[in-house]
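Colleague: Could you take a close look at one part of this model for me and then walk me outwards from there? I'd like one connected account rather than a list.

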Amino acid sequence: MDEPLMGLPGTGTGEPAFPPTFSVSEIKNKQRRHLMFMKLKQEKRKQKMQLKKKKKKEREALGDKAPPKEIPKTIENQRVYDETTVDPEDEEIAFDEGTDEFSAYFNGLTNPQVLITTSDRPRGRTVRFCEQLATVIPNAYVYYRRGLALKRIIPQCVARNFTYLIVVNEDRKVPNGLVLCHLPDGPTAHFKVSSARLRKEIKRRGKDPTEHYPEVILNNFTTRLGHSIGRMFAALFPQDPQFVGRQVATFHNQRDFIFFRFHRYIFKNEKKVGIQELGPRFTLKLRSLQKGTFDSKFGEYEWVLKRHEMDACRRKFQL
């Protein structure tokens, strides 16, 4: 005689029996569907924990003979190889670095002087963002725009020996764009600004930064384009950091988003070191890179973001 089916009347079990092709989304009742979904999720979690414990016991039993741990797949380690990836020992790269627009800075011939301004009629939040940015970058000065065109501002900056012009744009009273122009010969980069947080909005922040020159950390700028952007950021800060101040400015590139953080590290004892965020913090997304100084009409662009073409593959990055 055949065994009784699970879930049918007279079988003595209250659990429902579903066909092999059953999907939780087929349940019409919302509460019942949610309950079944949570049960399935709990079972999967339980099976995963059991498998994890089993593997851990096997590794402890095998000791040194245990197989290496599996590396989880992420978008970063599955990245599509880029032909323009920079090799530090490449002679062509070294020659380009010795003759590009930033060579005078890296050879110690110039000291960075930065002018920070805004779009016309900035609101309070944008003004405070610029003022806090000036406390992060040494030798930076904030000037109000007063309706002047950038083509008139740039010659004045060059005449006063400024090496950078930073223009912070805003939309709906919030900073949303940043133009970084290297003087006197360019290049000019345009970034989208998002997730900007001022110092008062950061929890457990430290005291205001001191005037010491910070260290600069540049992470994951691996392609030729990323290398150029990294050198632009590096040339904003003096080359001789003052380690007494214990301040660090970090530009971390991840999936073509550049995260900026400003920290102070604290020595708890001889072995332990903690970090304390000082602010501000923001995220940059490169929109374009232009040769020479800012020229929206006749400028020659080295690179322009084309979203529908470049963002089609999630595993391919430009920086």
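**Helix 6 and beyond**

Modeller: Let's start with helix 6, where Leu225, Gly226, Ile229, Gly230, Arg231, Met232, Phe233 and Ala234 are buried. Keep in mind that this is a predicted model. The helix spans residues 224-234 and is mostly covered, with eight of its eleven residues buried.

Arg231 deserves a second glance, as a charged residue in that buried set. Side chains of opposite charge can pair when their charged atoms come close.

The structure holds eight salt bridges. One of them joins the side chains of glutamate 76 and arginine 255, with N and O 2.7 Å apart. Glutamate 76 sits in the loop between helix 1 and helix 2, and arginine 255 in the loop between strand 7 (247-254) and strand 8 (257-267), so this pair ties together parts that lie 179 residues apart in sequence. As for cover, glutamate 76 has 32% relative accessibility and counts as partly exposed, and arginine 255 is partly exposed too, at 36%.

Next comes arginine 125, which forms a salt bridge with glutamate 201; their closest N and O atoms are 2.6 Å apart. Here again distant parts of the chain are linked: arginine 125 belongs to helix 4, glutamate 201 to the loop between strand 5 (188-197) and strand 6 (215-219), and the two are 76 residues apart. Glutamate 201 counts as partly exposed because its relative accessibility is 38%, between the 20% and 50% cut-offs.

Then there's lysine 151, whose side chain meets that of aspartate 295 in a salt bridge at 3.4 Å, N to O. That pair links helix 5 (residues 150-159), home of lysine 151, with the loop between strand 10 (281-290) and strand 11 (301-304), home of aspartate 295, across 144 residues. The two partners differ in cover: lysine 151 is partly exposed at 47%, whereas aspartate 295, at 18%, counts as buried. And that brings us back to Arg231, which is joined with Glu97 and Asp100 into one network by salt bridges that share partners.

Helix 4 has something else to show. Valine 136 is placed in this helix, which runs over residues 124-136. Its relative accessibility is 2%, so valine 136 counts as buried. Leaving aside residues up to four places away in sequence, valine 136 touches Arg199, Pro214, Phe237, Phe260, Phe262, Gly279 and Pro280. For a sense of scale, valine 136 and lysine 44 are 92 residues apart in sequence, and their C-alpha atoms are 48 Å apart in space.

Out on the surface, charge shows up in patches. Lys48, Lys52, Lys56, Arg59 and Lys69 gather in a positive one. Lysine 52 is found in helix 1 (residues 30-62), and its relative accessible area of 59% is over 50%, so it counts as exposed.

A patch of negative charge is formed by Asp87, Glu89, Asp90, Glu91 and Glu92. Of these, glutamate 89 lies in the loop between helix 1 and helix 2 (91-99), and glutamate 89 is exposed, with a relative accessible area of 72%. That loop also holds glutamate 76, the partner of arginine 255.

Technical notes
Residues numbered from 1 in each chain as written. Predicted model: local features only at pLDDT ≥ 70, side-chain atom pairs only at ≥ 80, totals over all residues. Heavy atoms only, no water. Helix = DSSP H or I, 4+ residues; strand = E, 2+ residues; numbered from the N terminus. Buried < 20%, exposed > 50% of the residue type's maximum accessible area, 1.4 Å probe, protein only. Contact = heavy atoms within 4.5 Å. Patch = residues over 30% accessible without salt bridge, like charges linked within 9 Å, V, L, I, M, F, W, Y side chains within 5 Å. Areas by Shrake-Rupley, 256 points an atom, 1.4 Å probe, with all protein chains shown as cover. Salt bridge = Lys/Arg side-chain N within 4 Å of Asp/Glu carboxyl O. Charge placed at Lys NZ, Arg CZ, Asp CG, Glu CD.
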